[in-house]
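Colleague: I would like to learn how to read a model like this one. Could you walk me through it, feature by feature?

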Amino acid sequence: RGDGAGLARRGGKMASTAAGKQRIPKVAKVKNKAPAEVQITAEQLLREAKERELELLPPPPQQKITDVEELNDYKLRKRKTFEDNIRKNRTVISNWIKYAQWEESLKEIQRARSIYERALDVDYRNVTLWLKYAEMEMKNRQVNHARNIWDRAITTLPRVNQFWYKYTYMEEMLGNVAGSRQVFERWMEWQPEEQAWHSYINFELRYKEVDRARTIYERYILFTLLVIVHPDVKNWIKYARFEEKHSYFAHARKVYERAVEFFGEEHMDEHLYVAFAKFEENQKEFERVRVIYKYALDRIPKQEAQNLFKNYTIFEKKFGDRRGIEDIIVSKRRFQYEEEVKANPHNYDAWFDYLRLVESDADAETVREVYERAIANVPPIQEKRHWKRYIYLWINYALYEELEAKASKRTRQVYQACIELIPHKKFTFAKIWLLYAQFEIRQKSLPLARRALGASIGKCPKNKLFKGYIELELQLREFDRCRKLYEKFLEFAPENCTSWIKFAELETILGDIDRARAIYELAIGQPRLDMPEVLWKSYIDFEIEQEEYEKTRSLYRRLLQRTQHVKVWISFAQFELSAGREESLSRCRQIYEEANKAMRNCEEKEERVMLLESWRNFEEEFGTDTTKERIDKLMPEKIKKRRKLQAEDGSDAGWEEYYDYIFPEDTANQPNLKLLAMAKLWKKQQQESEAAEMDPDKDIDESQS
């Protein structure tokens, strides 16, 4: 045994030595260190762990309770579980409710009641807890206990409407109408919301207590505090419809009238007036309906009365006449124009349309009010182009006062106010001055008319003012005043040829030929004229009418010294032709000769052609063969030429063709004429040769013949 032990010791030592000499194998190294294609994140791990927590565990096995001891043991274990849950978190009310409902299921009402009381000590503001508690008592027919709970609930939480609804409903289901009414009365002392009052009213109506319902409406509507709390139109409407529904039409009308009086004009609502009008419509009081609609439309802002307009239109279409429907349309258009002028007060076109509408329908005071509002929008810039539309507002205003309102005094005030408003130092309007003067003449106030026109000429002289004033005096046959006005007019505008002509014509009509001739002489002596050709023509026609031919010739000669226009020469020639004397043809031909010589150096060749054509027409009618042949030789040749065009930047723009005239009289054009004749001859020979080549048989026939 000792040897064996020694061997064992030696063997163990040898084994340990061998183990010490043996090497530990190396761990295999990972060659591919790239990330895997599918990565697992920490969020994914947590989500999977949460999902596995929610996996349904297999239900516990059902156990059958066979005796009382097992039942008591089950109750003990269950109660211990509920108590542990409550002990863990007392504020979770669902644990309390489950506990109480479990006790209720075992018919342990006293224990369930105790649990609810304990829960109320924890959180008495929990509405669900009170409701479950009361429902348990009602379910188990514990009416007094339920009343006690509802009383405690509405005392503790009086603003929870659900408690009041449930309490009143329970009392009503029990047939305790008086008790339910008493609860409603307690509720109304807290001034609840609108639906609570209507529930109380509906409760009374279910038991046919109409007077009580009316009393509740009165309390709801009339008490000052309640009205302040609920100043809503729909409450009044509901009260009125309640009276209407129960056929108390006088009471309903009174309610509507009180509502209109209560809200006044500051807080008007279209819904109230629509309901009032529909009530009267149901009572066949159509005139009342019309008055209500018009009263509301005149006072409610237009943008808030769309529904009112719509209902009024429907009413008039159903029960009104054509006039009523037109009134509705006018009201709508008036609303549109009001919106336009409110958006842009300087939109004068909108004011014109608005005024036209008002004038066709409204009374004089309303029209004046709109006109005053319109003319108050003076253009902000003193430039005439901004005042052109505006000034017609004043003109229309004055015409309305004179023609429609027949108020001459107000018309005069309108004209005077307009004249004072216009900045005459910068610009004026002759039309307003002339209209004012014509108005005064219609009123048989000639001095005022003259004073107005004189003031206009003094402040802001214009051609139209002078013409209008002169025309007025001409109609009154005040020729001396006309002469003075013409003198002032010509001092103001000496370049105005029309004024000179009219002045001379006036003197001619009056038979003062010398004054007329003197006026013409002054006129043609002016250094600057706007239409001198018209003035000279008028002067020449004047002398022709007076049969002063020598003076007419002298005028033509003077005019030709100023201008060599072809029309002057032609007119001069025609005058000599129409003089009616023996030497008229020779004089006329002489004028044409002079004109042709004078216009040889004229650059406008078309004018020279026009002169020659006029001369040729004269010779064809009055000349001889010699003179006709001579004028034919003077007629130019019309040729087509080309010239180079240049653009605005100086670059070439191509070529254009034009017609030019070559006059035989011009010595410089003689080579051109010879060249042109040779070109024509060559062209004729070319045409003949081409015709011979086209028809050789014809040449053979001609040679044989």
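**Reading helices, cores and loops**

Modeller: Let's begin with a helix pair: α8 and α9 are roughly antiparallel to each other, because their axes cross at roughly 160 degrees and an angle over 145 counts that way. Please keep in mind that this is a predicted model.

Colleague: Happy to. How do α8 and α9 pass each other, and which residues meet?

Modeller: The axes of α8 (residues 161-173) and α9 (residues 177-188) come within 8 Å, and the crossing is left-handed. On the α8 side, the residues that meet α9 include Trp164, Tyr165 and Tyr167. Among their partners in α9 are Val183, Phe184 and Trp187.

Colleague: What is the crossing angle of helix α24 and helix α25?

Modeller: Helix α24 (residues 430-442) and helix α25 (residues 446-459) have axes that cross at roughly 165 degrees and come within 7 Å. That angle makes α24 roughly antiparallel to α25. Here, too, α24 passes α25 in a left-handed crossing. The contact involves Trp433, Leu434 and Tyr436 among others from α24, and from α25 residues including Leu446, Leu448 and Leu453.

Colleague: Let me step back to the whole chain. How many helices and strands does the protein chain have?

Modeller: There are 37 helices and 2 strands in the protein chain. Of its 705 residues, 37% count as buried. The chain exposes about 45200 Å², with carbon and sulfur atoms supplying 50% of that area. Among contacts with a separation of 6 or more, 47% come from residues 24 or more positions apart.

Colleague: Now the interior. Which residues have the most contacts inside the largest nonpolar core?

Modeller: That core has 95 residues, and the ones with the most contacts inside it are Trp351, Leu393, Ile432, Leu535 and Leu611. Take Ile432 as a case: beyond its neighbours within four places in sequence, Ile432 is in contact with Ile395, Tyr415, Cys418 and Ile422. A second, separate core has 78 residues, including Phe163, Val210, Phe242 and Tyr293.

Colleague: What about charged residues? Is Arg483 buried or exposed?

Modeller: Arg483 counts as buried because its relative accessible area is 18%, and the cut-off is under 20%. Arg483 sits in helix α27 (residues 479-492). Setting aside neighbours within four places in sequence, Arg483 is in contact with Phe503, Glu507, Leu510 and Arg515.

Colleague: And where is Glu338, and what does Glu338 contact?

Modeller: Glu338 belongs to helix α18 (residues 322-343). With a relative accessible area of 16%, Glu338 is buried. Leaving out neighbours within four places in sequence, the contacts of Glu338 are Tyr354 and Arg373. Glu338 and Tyr354 are 16 residues apart in sequence, and their C-alpha atoms are 7.9 Å apart.

Colleague: One last topic, backbone angles. What sign of phi do most residues other than glycine have?

Modeller: Most residues other than glycine have a negative phi. Lys208 has a positive phi of about 60 degrees although it is not a glycine. Lys208 lies in the loop between α10 (194-206) and α11 (210-222), and is exposed, with a relative accessible area of 71%.

Colleague: Where is Lys406 found, and is Lys406 buried or exposed?

Modeller: Lys406 is in the loop between α22 (390-404) and α23 (408-421). Its relative accessible area is 65%, so Lys406 is exposed. The phi of Lys406 is near 60 degrees, a positive value in a residue other than glycine.

Notes. Residues are numbered from 1 along each chain as its sequence is written. This is a predicted model: local features need pLDDT of at least 70, side-chain atom pairs count only at pLDDT 80 or more; totals for chains, interfaces and linings use all residues. Side-chain values use heavy atoms; hydrogens and water are left out. A nonpolar core is a set of buried Ala, Val, Leu, Ile, Met, Phe, Trp, Tyr and Cys residues joined through side-chain atoms within 4.5 Å. Buried means under 20% relative accessible area, exposed over 50%, partly exposed in between (1.4 Å probe, protein chains only). Contact means heavy atoms within 4.5 Å. Helices (H or I, at least four residues) and strands (E, at least two) are DSSP runs, numbered from the N terminus. Accessible areas come from the Shrake-Rupley method with a 1.4 Å probe; for residues, only the protein chains shown count as cover. Axes are lines fitted to C-alpha atoms, for helices over the stretch in contact, and angles run from 0 to 180 degrees between N-to-C directions. Angles under 35 degrees count as roughly parallel, over 145 as roughly antiparallel, 65 to 115 as roughly perpendicular and the rest as oblique. A crossing is left-handed if the near helix is turned anticlockwise from the far one by less than a right angle, and right-handed if clockwise.
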